[in-house]
Amino acid sequence: MFRKLSLPNSLTRKNLMALTGLFLCFFLVIHLAGNLQLLLPAERAQLQYNHYSELLSHNILIKIVSYVLYASIIAHTIYALVLTLRSRAAVGSQGYAYDRRGAVSPWYSRNMGILGTLIFFFLVVHMANFWYPYKFGEVPMDMAGRKDLYRVVVIAYREWWYVALYVVSMLVLGFHLLHGFYSAFQSLGLYHTKYGRWMNWAGRAYTLVITAGFILIPIWVFFTKPTPLP
Amino acid sequence: MKLDAKIPEGPLQEKWSRYKATCRLVSPNNKKKLDIIVVGAGLAGSSAAASLAEMGYRVKSFCFQDSPRRAHSVAAQGGVNASKNYHNDGDSAFRMFYDTLKGGDFRAREANVYRLAECSANLIDQAVAQGVPFAREYGGYLANRSFGGVQVSRTFYARGQTGQQLLLGAYSALSRQVAEGNVQLFSRHEMLGLVVIDGKARGIIARNLDTGAIERHAAHTVVLATGGYGKIYYLSTLAMGCNGSAIWRAHKKGAGFAAASWTQIHPTCLPQSGAYQSKLTLMSESLRNDGRIWVPKKANDPRPPGEIPEEERDYYLERRYPAFGNLAPRDIASRAAKERIDAGFGVGAQRNAVYLDFAHAIREYGIETIRERYGNLFRMYEKITGHNAYERPMMISPAAHFSMGGLWVDYELMTTIPGLFAIGECNFSDHGANRLGANSLLQACVDGYFILPYTIGNYLAGELGTGKISPEAPEFETAEREVRDQLGRLLTIQGNRTATDYHKELGALLYDKCGVLRTREGLRQAIDDIRALRADFWQNLKVPGGAEQVNSELEKAGRVADYLELAEVMCYDALTREESCGAHFREEHQTADGEAQRRDDQFQFVSVWAYAGPEEEPELHREGLVFETIQPSVRSYK
Amino acid sequence: MKIQLKIWRQENARAQGRMVDYELTDINPEMSFLEMLDVLNEQLIQKGDMPVEFDHDCREGICGQCGLFINGRAHGPQEATTTCQLHMRHFKDGDTIYVEPFRSRAFPVIKDLRIDRSAFDRIIQAGGYISTRTGDAPEANAIPIGHDVAEAAFDAAACIGCGACVATCKNASAALFTGAKVSHLAMLPQGQPEAAERARKMVAQMEAEGFGHCTNTGACEVECPQEISIRHIARMNFEYNRAGALKK
């Protein structure tokens, strides 16, 4: 199976990692923009967020994009696995007796696989909580007669441990992005010193906004405890 | 031993063109039937192997390093000369020829030196085409700087790593030929014997240093490009593996050895700091463009340099050689330094150095300019010594560097053994008794890229009927047995001194008696001492392990054994040359003000030594030097 | 100074290796690291043991043949310094020093600390050159090359091929080595005609030698004695992608 999936060589695979990763980065922007509606006054938030959710699940264009999204997540994960196995083989069986290589690169850049695995598990939980019930489960209706996803979200974020899980997961995502965003452009071949530097800063700004945004929402909900209308 | 230099007829400027126009050629379909062995993969070896393979010959390339890219040409810092006259400062092939001949104290062949100058411009073109990133001016054109012994700017450079960049150019050309299947590369192989069949060089015996296996390699001709033997002094600017074994073993099979004692002691190296020292690092001569050399006027002055006022400093090169000052040629600068150090004016903990001071240049041009020019050298200095040369002067000292001497070759670069060529530093040819800075990269490249490809064809055109050379020939059998016997002997002594120990003692002895200053008495003594040391070596050497494995001690022992023989010839060479010329300074032959006194009436020749057998005094032959175009003058840099 | 050494000893390529303890007294802080190993070896020979085999040649930081993994770092603790230019003054009296070979599947151990880096040669053979013949070069000044371009090309060309980048890489990737050559030649007008094809061939060879991929951690540029930037890896990626895009 791996043989079939292994494209001609690791540079091509890295290109694929970069492109799927950047697509996921793009998705996160849309996702965050939508979720920021949760911060609106409760009444408005409920109607608007549910409307938005319905829009997403019925628009054909969005549907196509979502399939690309699932494919990206799967491809990103599988190629990460392929590359990790290849890296193991390249390093060989004999390790260093004393290893201080950690001193010369950031820890998160060396542990993208572990961060990615954590994100993957988070995704499973995340989808089981929201996506699955919305798609296939029983969700109450709001006043406008739409599935009340808002209620599901607000109720979930009332549990402190659930909020904590989200905050930690978003930090994990943040570090993955901090290296991933920059690394994607490096892999795709952005070699120019000046523009490379700009993109480096853009990556940091992007990471900060996405991470802070996604952390803010559950904390906001937890502390303001907005009451969804029946 | 017949010494025919085979210099072409005609005016100096036309000799090489005439040769090229009339030498014999080998047709393309015949070239692929001819095998060539090239030993050594530095600038000379790589450029030759690449060029010959490109022409269609079948080439085998050998080097002892783990890759040709590591050969010691890589360490040349300052630059490579070419008479491009980009600076419009009056340079020309003729001026470069004259500078080189004068720099060598009129002890080289006119025709060879002119050819070197003539081909120099082509080399820059060739290197640029290969992608060598020479320094450029802001307009995009090539930059130049000046070097010792000349009054024009003709040195092309790539920061302080010119040798590395030129070598990587040649290595890339070689790699391309390896990929095309025209060159077989044998890295980590050391040549231990030359095979001569019916008077012609026909192959080598090599040892695979990774396995210990002894291998036979046959070819129609053998090219030696094994570099210099300056490591004979142990402490030198050379790499640890540099050796004279290939040329020495060729010498023992009949190749004449020329001017063995003409070894250059480079003036700007880092001084020795202790007995454990394994090498002396060179600091590029280009530093002398902006650095001023001085010692305190008071002997054994204990004050740090910053506390010695200007009027108590002796800028001895500027004092003695006002016209060239700090850019006096290497032999002169080294001798002047040694004179001051021996007289008690040396500085540093061991009192074995002189100052090279950049304070004036920093004041004049600003620290940034100096950093841009020499930043990497200053950094290297700090890494090795722990001192910051922007704040206090560098301490430098002379160290063994380059061998002008080597296997005697004719105009075609062929030794006295037909079919055995020697190119680059391992031959004696273009530098006379002293080499000018930035001429060694040039000679190595010119020999390999531009000269050998013509002259080897002239020889091989006569070999078309020879057919494949068989490594099963009895001569291979004998040569292999000799090699195995010697390895066996080295391993069975099991005494109590290591090869390095002998090497250090030999080196110290040569520095003392056959170094910058030489005397008749000292040299006679040295010959006796070397013989005694050699006898002791074969009694008390200790080499651990065996021959059929990786064994770097065995490699060292073989090289030291050869050095112990070569050193003796060096001393005979210096002893019989009753004059001072270039790097060879006999204290008996100096002018009233302490300058070298050449004796053209009696010594206008190159000494060529023939091997006379073990423990026999070598036989001296002479190649007279004829000057048709210029008149040797007293070499003055005042 | 007194030094405790823990050194990797391995009889040959097939043998099992292990770390062996040695103790040295009277080490002069002015010694280079390799001179310290010389002292150890002289003592081992006198005791009738086999000396520790290690790669070295020029001992001035340019040939790239030395390369030891010292105290967990490629070429030891000093940045931008080869093993041969590391001096004992950077260690303290009584220190324990671990000395291991550069490790990667593509760099098999030959004996002790000596490794086989011929994979690097083969990567260059795959395309690390400009296809020009001896003797047909045009006048050097015919192609002006801007000062900054020449300097940038030099930065990449300065690679000494020591393999520290591979040794320190968590993926044992040779991307910095390969990228430096691809980038050096792609920056110069002479090297541009072959740039894309060169990248394609060299990357394929790098892959075939069994080196890992680059995850852009940047460890290699920190350990590189010549301080070659990982921007050159991006340049290789660019040229490689360009080759793919231009393929007919």
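The following exercises, each with a worked solution, examine the chains, domains, a sheet and a helix pair of a predicted model.

Because the model is predicted, local features need pLDDT of at least 70 and side-chain atom pairs count only at pLDDT 80 or more, whereas totals for chains, interfaces and linings use all residues. Residues are numbered from 1 along each chain as its sequence is written, and chains are lettered from A and ligands numbered from 1 in the order in which they are written.

**Exercise 1. Chain contacts**

Determine which pair of chains shares the most contacts, and describe the side of chain A that touches chain C.

Solution. Step one is the criterion: two residues are in contact if their C-beta atoms, placed from the backbone, lie within 7 Å. Of the two pairs of chains in contact, chains B and C share the most contacts. Chain A and chain B do not touch, and 20 Å separate their nearest C-alpha atoms.

Step two concerns chains A and C, where 34 residues of chain A meet 36 residues of chain C. On the chain A side, two or more residues each come from α2 (10–35), α4 (60–91), α5 (107–110), α8 (160–188) and α9 (193–224); helices (H or I, at least four residues) and strands (E, at least two) are DSSP runs, numbered from the N terminus. α4(A) supplies the largest share, six residues.

Step three is composition. This side of chain A holds 13 nonpolar, 14 polar and seven charged residues. Here Ala, Val, Leu, Ile, Met, Phe, Trp, Tyr, Cys and Pro count as nonpolar, Asp, Glu, Lys and Arg as charged, and the others, Gly among them, as polar.

**Exercise 2. Domains of chains B and C**

State the domain bounds in chains B and C, and characterise one domain contact in each chain.

Solution. The bounds come from an automatic or database domain assignment. In chain C they give domain 1 (3–114) and domain 2 (117–133 + 141–246). The C-alpha centres of these two domains of chain C are 28 Å apart. Their contact takes 19 residues from domain 1 of chain C and 18 residues from domain 2 of chain C. The domain 1 side in chain C comprises eight nonpolar, seven polar and four charged residues.

Chain B has domain 1 (32–264 + 402–463), domain 2 (269–398) and domain 3 (474–596). Between domain 1 and domain 2 of chain B the C-alpha centres lie 31 Å apart, and 19 residues of domain 1 touch 20 residues of domain 2. The domain 1 side of this contact in chain B comprises four nonpolar, 13 polar and two charged residues.

**Exercise 3. A sheet in chain B**

Establish the strand order of the open sheet of five strands in chain B, and explain why its edge strands each have one side without a neighbour.

Solution. Two strands pair if DSSP finds at least two bridges between them. The order is β5-β2-β1-β9-β17 (chain B), with parallel pairing. β5 (183–186) and β17 (420–422) of chain B each have a single partner strand, so one side of each lacks a neighbour in the sheet. Within the sheet, β1 (residues 35–39) and β2 (residues 58–62) of chain B are joined by five bridges; Ile36(B) has Val59(B) as its bridge partner in β2(B).

**Exercise 4. A helix pair in chain C**

Classify the crossing of α6(C) and α8(C).

Solution. The axes, lines fitted to C-alpha atoms, for helices over the stretch in contact, give angles from 0 to 180 degrees between N-to-C directions. Those of α6 (residues 195–208) and α8 (residues 231–246) of chain C come within 8 Å and cross at roughly 105°. Angles under 35 degrees count as roughly parallel, over 145 as roughly antiparallel, 65 to 115 as roughly perpendicular and the rest as oblique. α6(C) and α8(C) are therefore roughly perpendicular. Contact residues include Ala195(C) and Val203(C) of α6(C) and Met236(C) and Leu246(C) of α8(C).
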